[in-house]
Amino acid sequence: MAIEWYPGHMTKARREIAEAMTGIDVVIEVLDARLPYSSSNPVLETLRSNRPCIKVLNKHDLADPLVSKAWVHHFEQQSSVRAVPLEAKERGAALNLLRECQRLAPHRGKPGKTLRAMVIGIPNVGKSTLINTLAGKRIARVGDKPAITTCRQQINLPGNITLADTPGLLWPVLSDQNGALRLAASGAIGDSAIDYVEVALFALAFMQERYPQRLHETYPYTANLADPAALLLELGRRQGCLVGGGEVDLSRAGEFFLRALRGGKLGRISFEKPGDEIVAPPPRDEEGIDASAAL
Ligand code: G4P
């Protein structure tokens with residue numbers, strides 16, 4: 001899936017989400033628990049205004065549990081915000097979100113006072129999976145284009161809660177190079193849009209810095225290699241990612257490593273923790289849109 005986000009798409013998505021938001025009591029923002037900062041779009045904070053928000057740290061099964069705990073603490077410093085680590089396919093845990101909705105909007109969710117919630121987030125964080133789990137059947141379509149917030153139906157959930165059946169789709173902010181590389185390493189950006197070698201080298205360097213033991217336990221032959229390029233070469237050689245003549249196909253080696261990382265073969269990994277240095281977003285135009293964010 002290549003993501004093509006152009007300023008026109010972003011303006012339209014922003015307008016439609018703002019319209020859809022008018023009747024909403026609680027916003028359920030789905031983030032990737034492995035990279036809650038880079039999988040968010042700051043424009044949501046403007047769009048949701050003072051509305052209460054649940055930040056779902058989804059794909060918790062892939063994230064470092066201690067780091068997720070730190071993110072919960074970090075987010076819950078903000079007023080009217082709850083943060084919940086989650087695995088979107090788990091119905092029991094998903095239904096707990098409804099109780100959080102009621103806590104955040106105690107005046108709603110009663111007979112005659114329906115609580116209206118809406119799921120929102122960038123592509124691939126698990127919005128559709130969460131909606132389908134809450135609904136108990138396949139409803140939400142997976143989409144990689146904005147403007148799917150119109151003509152939506154409501155799903156009736158327990159506790160006098162309704163949920164829009166299509167999620168609000170925000171665009172990823174790709175102007176922070178490291179953030180974009182983290183998104184690519186996690187699988188949030190379609191593989192057709194990424195350079196496996198560049199992303200794998202970034203991810204290998206990250207693993208060496210944050211989780212060296214996991215790297216060495218999974219691939220013991222990497223223990224004495226300090227240079228990510230040498231690591232990738234050795235991985236390729238050992239995994240048989242070769243081209244004619246016996247040379248290592250670095251792109252295939254990179255793809256192999258990224259698939260292993262995303263699939264949890266190296267254990268539960270978080271790419272960002274609270275307090276990591278965050279690059280300030282670039283200046284925005286009058287629509288509040290980062291026009292450099294298109295891929
Ligand atoms: P989106 O609507 O935000 O674009 O995301 P979507 O629900 O389509 O989920 C994107 C991918 O993430 C899907 O995998 C989905 O199964 C997976 N996913 C969603 N929630 C979780 C979770 O809590 N844990 C894990 N490990 N994965 C999750 P896919 O391979 O693209 O599709 P599929 O073959 O699984 O359907």
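Which of the 16 residues around the ligand come nearest? Select the ligand to start: D61, N124, K127, S128 and T129 are the ones that come nearest. Keep in mind as you click around that this is a predicted model.

**Stop 1: the ligand**

Stay on the ligand and show side chains for D61. An N or O atom in the D61 side chain sits 2.8 Å from a nitrogen atom of the ligand. Now hop over to S128, where a side-chain N or O atom is 2.6 Å from an oxygen atom of the ligand. For G126, turn on the backbone: a backbone N or O atom there lies 3.0 Å from an oxygen atom of the ligand. If you have a surface view handy, try it on the ligand here. Taken alone, the ligand exposes 710 Å², and the protein buries 64% of that.

Next, colour by secondary structure and pick out helix α5, residues 127-135. With three residues, helix α5 gives the most to the shell around the ligand. Then switch to colouring by residue class. What mix of classes does the shell around the ligand have? There are six nonpolar, five polar and five charged residues.

**Stop 2: the cysteines**

Leave the ligand and select C53 and C101. How many disulfides does the structure hold? The count is zero. A disulfide is a covalent bond between the sulfur atoms of two cysteines. Draw a distance from the sulfur of C53 to the closest cysteine sulfur, which belongs to C101, and you get 9.9 Å, so the two are too far apart for a bond. Coming from the other end, C101 is in no disulfide either, and its nearest cysteine sulfur is that of C53. While both are selected, look at their surroundings: C53 has 0% relative accessibility and counts as buried, and C101 is buried too, with a relative accessible area of 0%.

**Stop 3: salt bridges**

Time for the charged side chains. The structure holds 18 salt bridges, and a few are worth a visit.

Begin in helix α1, residues 7-21, with E16 and K12. These two form a salt bridge, their closest N and O atoms 3.8 Å apart. Along the helix they are four residues apart, which is about one turn. Are the partners buried or exposed? E16 is buried, with a relative accessible area of 11%, while K12, at 36% relative accessibility, counts as partly exposed.

Now select R34 and D32. Their side chains meet in a salt bridge, 2.7 Å from N to O. R34 counts as buried at 4% relative accessibility, and D32 counts as buried at 3%.

For a pair that spans more of the chain, go to R182 and E272. What is the distance between their closest N and O atoms? In this salt bridge it is 2.7 Å. R182 lies in helix α6 (residues 177-186) and E272 in the segment after α10 (250-262), so the pair ties together parts that are 90 residues apart in sequence. Both R182 and E272 are buried.

Finish by selecting E29, E45, R48 and K55 together. Salt bridges that share partners join these four into one network.

Conventions:
Residues are numbered from 1 along each chain as its sequence is written. This is a predicted model: local features need pLDDT of at least 70, side-chain atom pairs count only at pLDDT 80 or more; totals for chains, interfaces and linings use all residues. Side-chain values use heavy atoms; hydrogens and water are left out. A disulfide is a pair of cysteine sulfur atoms within 2.5 Å. Buried means under 20% relative accessible area, exposed over 50%, partly exposed in between (1.4 Å probe, protein chains only). A residue is near a molecule or strand if one of its heavy atoms lies within 4 Å of it. A polar contact is a pair of N or O atoms within 3.5 Å; within protein, one must be able to donate a hydrogen and the other to accept it, and residues adjacent in sequence count only if both atoms are side-chain atoms. Accessible areas come from the Shrake-Rupley method with a 1.4 Å probe; for residues, only the protein chains shown count as cover. Helices (H or I, at least four residues) and strands (E, at least two) are DSSP runs, numbered from the N terminus. Ala, Val, Leu, Ile, Met, Phe, Trp, Tyr, Cys and Pro count as nonpolar, Asp, Glu, Lys and Arg as charged, and the others, Gly among them, as polar.
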